[in-house]
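Please read the report below alongside the sequence and the three-dimensional view.

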Amino acid sequence: MIVLACCQFILTDKLTNLRDKQTKPSEFRKLVSDLCVLLCFEATTKLNMKPIEIETPICKTVQNIVADRICLVPVLRAGLGMLEGMHSIVPKARVIHIGLFRNEETLQPVEYYKKLPPECDADIAIVLDPMLATGGSAVATIDRIKDWGVKKVIFMCILAAHVGISNVNKAHPDVEIYCCGVDKELNSNGYIVPGLGDAGDRQYQGDYSCE
C-alpha cells in the first residue's frame, strides 16, 4: 500500500524546489524537514489512542493521547535529514540508527552499522529514507526491524520509484509506504528519474564553494 501525502499544492511546491539542482544544501535540508512534517501527519492517522484524565484551567476532563510506543529509524546517512521534522511532531519517540549503503555495481544494500536495544520496546517503527529507488535498502531495513520484534512498520520517503514500491510490497505487503511523489523510472545507475539526485550528498555539502 502506498499513500501520497495531503496538502498537495504546498507539497508540490516544496518538492519542485527540492528537485532543483540550484537549491543550496541548507535550503534542501529545510525542505526535507518541512516535507517530513507534512508526511508525518498522514502517516500517523491510524495510531492507537488511550484516555487519560487531566485538569484544564477550567475543570477536570478525560482526553485522548497516543498509546503506541513509536521508534524512528533513519537509514544512515540520508535518513538523518528526515529526523528533525519527525521528532518535532513525535518528540517522545525512540531513535534507532541503521546504516546501509548501496553497492554501486550490484545495487544491493550493504550494512555497515546497526545498534538495536536488546529487547524490542516499540509498537510501531517508522523507517525514514528520502529515496525509495530499487527498494533494496528499504527491504533490508524492514527485515532487521521486524527481526527485532516490531509488529507494525511504516516506511516514509520523499520520492519513490514504481520498482521500489513493488519490491517493498512483495517482500512486506503489510508495510504502508508514505511519500511525497512517485517517479516512473530508474536510470542505469539506479537513481530515480527525474528524481532529485543523491539526497545524502545534497543535504550535507556546504553552502560554499572551494573554487
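What follows is a description of a predicted model, going from the whole chain to a sheet, a strand residue and a helix.

**Overall form**

The protein contains six helices and 15 strands. Its radius of gyration is 18 Å, close to the 17 Å that the globule rule gives for 211 residues, so the protein is as compact as a globular protein of that length. Along the principal axes, the C-alpha atoms fill a box of roughly 60 × 35 × 30 Å. Of the 211 residues, 45% are buried, and among the contacts with a separation of 6 or more, 64% are made between residues that lie 24 or more positions apart.

The surface can be described both by its area and by its charges. The accessible surface of the protein comes to about 11,300 Å², and carbon and sulfur atoms account for 53% of that surface. There are 23 positive and 26 negative side chains, and the centres of these two sets are 2 Å apart.

| Whole-protein property | Value |
|---|---|
| Radius of gyration | 18 Å |
| Buried residues | 45% of the 211 residues |
| Accessible surface | about 11,300 Å² |
| Distance between the centres of positive and negative side chains | 2 Å |

**An open sheet**

Three strands, in the order β9-β11-β13, form an open sheet with parallel pairing. β9 (131-132) and β13 (181-183) stand at the edges and each has a single partner strand, so one side of each is left without a neighbour in the sheet. Strand β11, which covers residues 159-161, runs parallel to β13 and is joined to it by three bridges; A160 has V182 in β13 as its bridge partner. In general, the strands of a sheet pair through backbone hydrogen bonds, in either a parallel or an antiparallel manner.

**V153 and its surroundings**

Is V153, which has its place in strand β10 (residues 152-156), buried or exposed? V153 has a relative accessible area of 1%, and it counts as buried because this value is under the 20% cut-off. The C-alpha atom of V153 is separated by 5.8 Å from that of I124, although the two residues are 29 residues apart along the chain. Leaving aside neighbours within four places in sequence, the residues in contact with V153 are A125, V127, I142, I145, K146, V175 and E176.

**Helix α3 and its cover**

In helix α3, residues 80-89, the buried residues include G81, M82, L83, G85 and M86. Among the elements that cover the buried residues of α3 are the helices α2 (25-43) and α6 (199-204), together with the strands β4 (70-76), β5 (94-95), β8 (124-128) and β10.

Key
Residues numbered from 1 in each chain as written. Predicted model: local features only at pLDDT ≥ 70, side-chain atom pairs only at ≥ 80, totals over all residues. Heavy atoms only, no water. Helix = DSSP H or I, 4+ residues; strand = E, 2+ residues; numbered from the N terminus. Rg over C-alpha atoms; globule rule 2.2 N^0.38 Å. Buried < 20%, exposed > 50% of the residue type's maximum accessible area, 1.4 Å probe, protein only. Contact = heavy atoms within 4.5 Å. Areas by Shrake-Rupley, 256 points an atom, 1.4 Å probe, with all protein chains shown as cover. Lys, Arg positive; Asp, Glu negative; His and termini not counted. Charge placed at Lys NZ, Arg CZ, Asp CG, Glu CD. Pairing = 2+ DSSP bridges.
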